[in-house]
Structure formats: structure tokens, C-alpha cells
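Work through the exercises below with the coordinates open. Try each task before reading its solution.

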Amino acid sequence: MMLRIPEVLSKQQVAHCRQVMDAAQWIDGNATSGHQSALVKNNMQLPETSVEGRQLGDLVLDALERSAVFISAALPLKVFPPLFNRYAGGQAFGIHVDNAIRPLAGSDFRIRTDLSCTLFLAEPDEYDGGELIVEDTYGAHRAKLPAGDLVLYPSTSLHRVTPVTRGARVASFFWLQSMVRDDGQRTMLFQLDTSIQQLAARLGNDDPQVVQLTGLYHNLLRRWADS
Ligand code: NI
């Protein structure tokens, strides 16, 4: 499932990120690439260990913790510290699949990448091109979202970023390991949770069917989740 989550960051938070990013030192984006990705990747990144990157990464993680939709859709177990990238002057990222295992340099922290996330930090009218295109069995899906919005997609998908031919596309990107490894199971849990929330708003949390469905949700989660 590919999902758009609006307003993960406020416009003020986006402006703060942009200010910090403008003043920071950038490096070649291939610092974090796998072998095949390095052949097709052409962009800039904040170094994984930079003070600015860590500080902004924490801001993004805090925002994710407050997003009920993100938690329900991703069921995160471990989130990789968010990274930041920038494409300009024709830079692009050709078709690739993200590495299955992502270690954090200089630590024993590592995750299996179940979901990939892009948090847009530039408005769509600031740049031409720079669309994220994700391919799945239903075809190609495009995302170029307002600043502050996030897109979440299975890390198993082939994806690319089209060349940025005007302006600059800046974004945060990261991966997470979900408590529920299987995308189909995770998607059904998200749909069930969303429906229960809507029913509860209409009928009340103590409605007997809402209680029963809530129990069903938790029993499925218990069956499918690693924690
Ligand atoms: Ni990728």
C-alpha cells in the first residue's frame, strides 16, 4: 500500500528545517547507497552524522510519534534516523529497490526495511520534475506532495525520482521496520483500524459491535506482530 499522510510537519516546522538545511554542509548522496543504487543515484545529502541532520531527524521522529495515521499504517517497530537529501540541476535517482537491511554506521542498530518514507520539504511549485514514482503490480504511482506531507510505500517496490530541471527538491527520507512484516496483513489492519475509528465516532466506543471489532483487531495484531 502506498499512502499519503498530509501535514506531518507544519509550515513553520518546514521553514525551520529549510533554514537549518540551507546553512549546512552537503555531501554526495552515494554515501548511503547500495551497489546498484550508486549506479543510478545522483543527489546531495546531509551527512548521517551531522549535527544538523540529527537535530532535524529528531524533529521528524517526534512528529511521526504524534501522527495517529502514521502509527496505524506503519505499525513501526524500529525507525531509521531520518536522512535529508536535495536534488537540483538535473539530478535524479534512477529505478532501484532499497537495500533490505540498513545498518546505522558506527552502531549496532540495524533494521529490515519494510516501509520507505519520503517527507517533502519543498513546495511542488518550487521545482520542476522531482516526482517520486513507485511501481507495484497495479502500475506506476506518482507523488509530488506539498511541503510537510509524507508518502509511505513498501520497500519491496521499484521506485525512482525524475530529474529536477528547475529549482531544488529537498526532502527527508528514511525506512522503518514494521511490527507486521507482510504488506498485505499490515494493509488489512490499517483498513480495519480506520473503519473501527469511524464506526466508534458514529456509535460510541462502548457500542457492542465496536468492542467486538476492536477485539478482533487486537487479536489479529497479536497473531501477526513481532515486538
Ligand atoms: Ni530508494
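The exercises cover two helices, one strand residue, two backbone outliers and the empty space, all in a predicted model.

**Exercise 1. Helix α1**

Task: Compare the span of α1 with the expected value, then find which residues are buried and what they pack against.

Solution:
- Step 1. Take the ends. Helix α1 covers residues 11-23, which makes 13 residues.
- Step 2. Check the span. The first and last C-alpha atoms lie 19 Å apart, close to the 18 Å expected at 1.5 Å a residue.
- Step 3. Apply the burial cut-off, under 20% relative accessible area. Val-14, Cys-17, Val-20 and Met-21 are the buried residues of α1. Their arc around the axis is only 130°, so they sit on the same side of α1.
- Step 4. Turn to the face away from that buried side. Exposed residues there are Gln-12, Gln-19, Asp-22 and Ala-23.
- Step 5. List the partners. The buried residues of α1 pack against α3 (51-65), β6 (83-88) and β17 (168-178).

**Exercise 2. Helix α5**

Task: Does the span of α5 agree or disagree with 1.5 Å a residue, and which elements do its buried residues pack against?

Solution:
- Step 1. Helix α5 runs over residues 183-203, 21 residues in total. The expected span is 30 Å and the end C-alpha atoms are 30 Å apart, so the two agree.
- Step 2. Collect the buried residues of α5: Arg-186, Thr-187, Leu-189, Phe-190, Leu-192, Asp-193, Ile-196 and Ala-200.
- Step 3. Those buried residues pack against β1 (3-5), α4 (68-74), β10 (115-120), β17 and α6 (208-224).

**Exercise 3. Ser-172**

Task: Is Ser-172 buried or exposed, and which residues does Ser-172 touch?

Solution:
- Step 1. Locate Ser-172 in strand β17.
- Step 2. Its relative accessibility is 0%, so Ser-172 counts as buried.
- Step 3. Leave out residues up to four places away in sequence. Ser-172 then touches Val-60, Pro-82, Leu-83, Phe-84, Cys-117, Thr-118, Leu-119 and Leu-121.
- Step 4. Pick out Leu-119. Leu-119 is 53 residues from Ser-172 in sequence, yet the C-alpha atoms are 5.0 Å apart.

**Exercise 4. Positive phi**

Task: For Glu-7 and Leu-75, state phi, then decide whether each is buried or exposed.

Solution:
- Step 1. Glu-7 has phi of about 55°, positive although Glu-7 is not a glycine. Glu-7 lies in the loop between β1 and α1. Its relative accessible area is 69%, so Glu-7 is exposed.
- Step 2. Leu-75 has phi near 45°, again positive in a residue other than glycine. Leu-75 lies in the loop between α4 and β5 (76-79). Its relative accessibility is 4%, so Leu-75 is buried.

**Exercise 5. Empty space**

Task: Give the volume and lining of the largest pocket and of the second largest cavity.

Solution:
- Step 1. The largest pocket holds about 170 Å³. Its lining includes Met-1, Val-134, Tyr-138 and Asp-183. By class, that lining has 5 nonpolar, 3 polar and 2 charged residues.
- Step 2. Count cavities of 30 Å³ or more: there are 3.
- Step 3. The second largest cavity holds about 90 Å³. Among its lining residues are Leu-46, Glu-48, Arg-54, Pro-82, Phe-84 and Leu-104.
- Step 4. Sort that lining by class: 8 nonpolar, 2 polar and 2 charged residues.
- Step 5. Sort the lining by element. α3 and β6 each supply at least two residues. The largest share, 3 residues, comes from α3.

Terms used
Residues numbered from 1 in each chain as written. Predicted model: local features only at pLDDT ≥ 70, side-chain atom pairs only at ≥ 80, totals over all residues. Heavy atoms only, no water. Helix = DSSP H or I, 4+ residues; strand = E, 2+ residues; numbered from the N terminus. Expected span 1.5 Å × (residues − 1). Buried < 20%, exposed > 50% of the residue type's maximum accessible area, 1.4 Å probe, protein only. Arc of directions from axis to C-beta. Contact = heavy atoms within 4.5 Å. 1 Å grid on protein atoms, 1.4 Å probe; cavity = no way out; pocket = protein on both sides within 12 Å on 5 of 7 lines; lining within 4 Å. Points joined across faces, edges and corners; volume = space filled by probe spheres on them. Nonpolar A, V, L, I, M, F, W, Y, C, P; charged D, E, K, R; others polar.
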